[in-house]
Amino acid sequence: MGAKGIIIKGNEAGGLVGYESSFVLFQRVIKEITSIPVWVQGGIGLHTAAAIKALGAAGIVLDSQLALFPESNVPQDIKELCSKLNGTETKIIADHRVLARPNSPVLPENITSEELKEYFTDLDISKSYIPMGQDISLAIDLYEDFKTLKKLVFGFKEAMFGHLRQAKALQVIDHDNILARELGIKYPIAQGPMTRVSDVPSFANAVAEAGALPFIALSLLKGESAKFLVMDTKKLAGEKTWGVGILGFAPQELREEQTSYILEAKPPVVLIAGGRPAQAKVFEKAGITTFLHVPSPALLDIFLKEGAKNFIFEGRECGGHVGPLSSMVLWEKQIERILKEDNPENISVFFAGGIHNDFSTAFVSIMAAPLAARGVKIGVLMGTAYLYTEEAVSCGAIQEEFQLQAMQAKETVLLETAPGHETRCLDTAFAQYFNTEKAKLLEAGTDKKEVWEKLEKLNVGRLRIAAKGVERQGDHLVNIPKEDQLDLGMYMIGQVATMHDKVISMAELHENVAVNNFDYIQNATLPEEPISVEKPLDIAIIGMECIFPEAKNLEEYWKNIITGKDSVTEVPDERWNKELYYKPDSNEADVSHSKWGGFIPKIDFDPLAFGIPPQSLAAIEPTQLLTLLVAKRAMEDAGYGEKNFNRENISVIIGAEGGNDLANSYSFRGYYKQVFGELHEEVKEAFPHTTEDSFPGILANVIAGRITNRLDLGGRNYTVDAACASSLAAIELACQELILNKSDMVLAGGADLHNGINDYLMFSSTHALSRKGRCSTFDSEADGIALGEGVAILVLKRYEDALKDGDRIYSVIKGVGGSSDGKALGLTAPRKIGQVRALERAYTQAGISPASVGLVEAHGTGTVVGDKTELSALTNLFSRSGALPGQTHLGSVKTQIGHTKCAAGLAGLIKASLAVYHGVKPPTLHLQKPNAYYNSVTSPFAFHSETGLWNNKNRYAGISAFGFGGTNFHTVIANHPKEDDSAVLKSWPSELFVFRGDTYDEAKFN
């Protein structure tokens, strides 16, 4: 026909649709159509899109999923409605899936497609019908994640790359995977309980013998029949794992009877369909692992909150009684919900509905890769596939005639007894008879409840006729002639029946599903790592200088980092009286729980070099003087020391806070006189006198102002206070100055010499100080921070200007994200949602995937709660972006110098910049046993106590700083190709000599 491509449109899509779901159609078509590109429409979200692309599709088509985006012209009232829909509100009418609401127009009986189209006039739901897919339920998640279509496109590309990358590395569904080991089976496969099929103990034993988890189906069985089935299966299974499937909605008396048999037999596993977590507790208390069938996202949310951990997610492609949502829509919603959990590694999931072979299992493996990366235990549950096994007939689960009919299947149908009560089966004479009888009842105007009762009665015993060839007549089971079975029997079977035409053994089925699926994943071509169309900041760091504990300058600071030096010491005696204030075990006011901290060394400062009269020094806060010194050195490091250049548009922005020790002394002097009426001589001598230099000497904003004044810079100057995030806040403002062309160069810094007794008393009052005296960031025994102090300045220029001017470039700032925590119970406790916002905004602006990042310099204050919150936020973002276990180095310089508060962000940024510049990954200290949240097997992060090489050509790092008041910042940087051969360190503690020789003696004498 000359088609250039084909779009597979599944039943869950909006508008004109066929019978089969996107998942089943995709499996059928992609094997047949190889000469032209194939796209898939219907039920598509991030996770299913990744699987579809990896397994051969050219791409995807989105429709209802985009309804909420600002680029959509859908009216606001309809958008508000769509944001609340779960997909079940859409119905098939005259072969079209449309939104059906209580106030939708009344349609004539047996309306045709052409007649229905007359109602496709506008978006007024009281007058029209809107073509809409079940995937409308995905719209709210996609909108909240991406906000704009440009970001959404990058997100889908990121998923297509990241999911496949994870699936290749993790082998999600494989023999002896984590779920298989936990359940004591060879393969992570469960045979779903099928009424009147899996009611034969020998069939269950055959499944177990072949390495999977069998479920016998108790259904509505009672009395000796039910007890025999349970006990005989237990006897046959022996030490093998087996399970019992029950109905949570069965009459209570029957449930209690069946429960008594189960508790007596104690099968390793129970599956409850249509049940609740409360029903599972009786089995869990008995040591029986219990899975809950969860057919809707709303139920999953409830079940998780009630403590349930084991789930079956089965889409309506399955055979027998079906749920409301197609597999792909259901799976998308459930995956998104589980990824929000703090400890998903405690969750086990069997995916079901349309899964039957290696290809369909590969789909699940890729789709669920982010779950596996978070430690979720994953398997597949199948029912229909077992109908095509030799053992199904040889064990008597079904008759050979059932299997023959299954192999000849052309399509399946749904028999609906009432809304929400549908059964999938083969399209046989009985199915046609059922629909005829239903039409008669409806035509006669029969009451809806009576229609349901009559149709349910019509179905009774039909499956037994199909599966076993017998019918209950009175108290006896009577054989039904083979020629009558097709007319009388209901052949429950899933949509995948149309893809099977041969019989195999269970061993072959299990090996094909659990092992061969990885062949598709291995052979799938990994797409190029996505590149965002967002323009990154691209701000070059061309100069740096700092003073930090035991480091007088940048060189000493970097050397201390690389060699893993601990620069935290006891508080020097001249700072404050430890005997008076240090009481680690006291909860009284005005005491310090710590006597340790990071303190800068003595620094020589020549006031005359800056034109400052020596007699003025006593009235100037040291922070101003040292920041001025560091700023001058930073300019020199950037190559703009004595150089003649235009200073007109060079700005200075410093992260700092007021309330320094000198200001406190002035305040005390003034307050003392107010209280006591006069200044005693001792007070006059002990506290500084007020002079004309005093006022500017204590103002925080003059930290920046003194730099522009003494270095003759004509741009803007000011300070910014965002508590411990101040210096990264200064970086963001500096980047804005440059991007908006308000400045041509910016000195951005952080300064904090607040390490006096007042700071120790304040931090002790919040129980934030480590009594051990160290920031043991991410350690399970972490008990708080050690205070530090420091001053740091970066010299920033637009990247293109730095290249043009031939500047040395340490690193390039690609993005800065900032956020607030929003409404919370307190102002000091960290909130995951706020941190995630800052992270997402930073990486969106940077235009790179978090999965590309090799180093994260964490805020990492070393409190158990704070570390867990930060780990959780980072892990969620990195894992769902496609990061592999252990790929990213995580640490914090606070373990070496303490928490330098307003300067902390720059302490981390300088460390990370030199790391990407030199290609090394620095160590992190004091980590013996990681925080309980950290899972070394699944976490995208790794901790290193020693410096290591970083050989990647493209090196990306992220740096976090969070502050009291709920303020969060994250900065993303990248390396610039290093053009010199400068050594990582200028002075080494030792030198390496190499001697050549084939043997030791030969080398020794050379």
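Visitor: Why are E182 and K377 said to form a salt bridge?

Guide: In this predicted model, the closest N and O atoms of E182 and K377 are 3.8 Å apart, and since the cut-off for a salt bridge is 4 Å, the pair qualifies. E182 belongs to helix α7 (residues 178-183) and K377 to strand β16 (residues 377-382), so that the salt bridge links distant parts of the chain, 195 residues apart.

Visitor: What makes K377 count as buried or exposed?

Guide: K377 has a relative accessibility of 6%, and as buried means under 20%, K377 is called buried. Its partner E182 has 49%, which falls short of the "over 50%" needed for exposed, and therefore E182 is called partly exposed.

Visitor: How do you know which of E114 and K117 counts as exposed?

Guide: E114 reaches 55% relative accessibility, and exposed means over 50%, so E114 is exposed. K117, at 39%, lies between the two limits and is therefore partly exposed. These two residues also form a salt bridge, with the closest N and O atoms 3.4 Å apart, and they are separated by about one helical turn, because they sit 3 residues apart in helix α4 (residues 113-117).

Visitor: What makes E20 and R28 a salt bridge?

Guide: The side chains of E20 and R28 meet at 2.8 Å, N to O, which is within the 4 Å limit, and so the pair counts. E20 is buried, because its relative accessible area of 13% is under 20%, whereas R28, at 32%, is partly exposed. By this rule the count comes to 35 salt bridges, and D301, K305, R337 and E341 are linked in a network of them.

Visitor: Why is strand β21 called mostly covered?

Guide: In β21 (residues 539-547), 9 of its 9 residues are buried, which means that each of these residues has under 20% relative accessible area.

Visitor: How do you know which strands pair with β21?

Guide: Two strands pair if there are at least two bridges between them. Strand β27 (residues 790-798) shares 8 bridges with β21, and strand β28 (residues 811-820) shares 3, so both meet the requirement. Both pairings run antiparallel. I547 has V791 as its bridge partner in β27, while I539 has I813 in β28.

Visitor: Why does Q65 count as buried?

Guide: Q65 has a relative accessibility of 0%, and that is under the 20% limit, so Q65 is buried. Q65 is found in the loop between β4 (59-61) and α3 (76-82), and, leaving aside neighbours within four places in sequence, its contacts include G43, D135 and L142.

Visitor: What makes the approach of Q65 to I44 a polar contact?

Guide: A polar atom of the Q65 side chain lies 2.8 Å from the backbone oxygen of I44, and this distance is within the 3.5 Å cut-off. The Q65 side chain also reaches the backbone nitrogen of D63 at 2.8 Å, a distance within that limit.

Visitor: Why is Y671 called exposed?

Guide: Y671 lies in helix α27 (residues 661-676), and Y671 is exposed because its relative accessible area is 52%, with the limit set at over 50%. Together with V675 and F676, Y671 forms a nonpolar patch on the surface, with about 340 Å² of accessible area in total. Residues of a patch need over 30% relative accessible area, and with 52% Y671 therefore passes that limit too.

How values were computed:
Residues are numbered from 1 along each chain as its sequence is written. This is a predicted model: local features need pLDDT of at least 70, side-chain atom pairs count only at pLDDT 80 or more; totals for chains, interfaces and linings use all residues. Side-chain values use heavy atoms; hydrogens and water are left out. Patches are made of residues with over 30% relative accessible area and no salt bridge: like charges are joined within 9 Å, nonpolar side chains (Val, Leu, Ile, Met, Phe, Trp, Tyr) within 5 Å. Accessible areas come from the Shrake-Rupley method with a 1.4 Å probe; for residues, only the protein chains shown count as cover. Helices (H or I, at least four residues) and strands (E, at least two) are DSSP runs, numbered from the N terminus. Buried means under 20% relative accessible area, exposed over 50%, partly exposed in between (1.4 Å probe, protein chains only). A polar contact is a pair of N or O atoms within 3.5 Å; within protein, one must be able to donate a hydrogen and the other to accept it, and residues adjacent in sequence count only if both atoms are side-chain atoms. Contact means heavy atoms within 4.5 Å.
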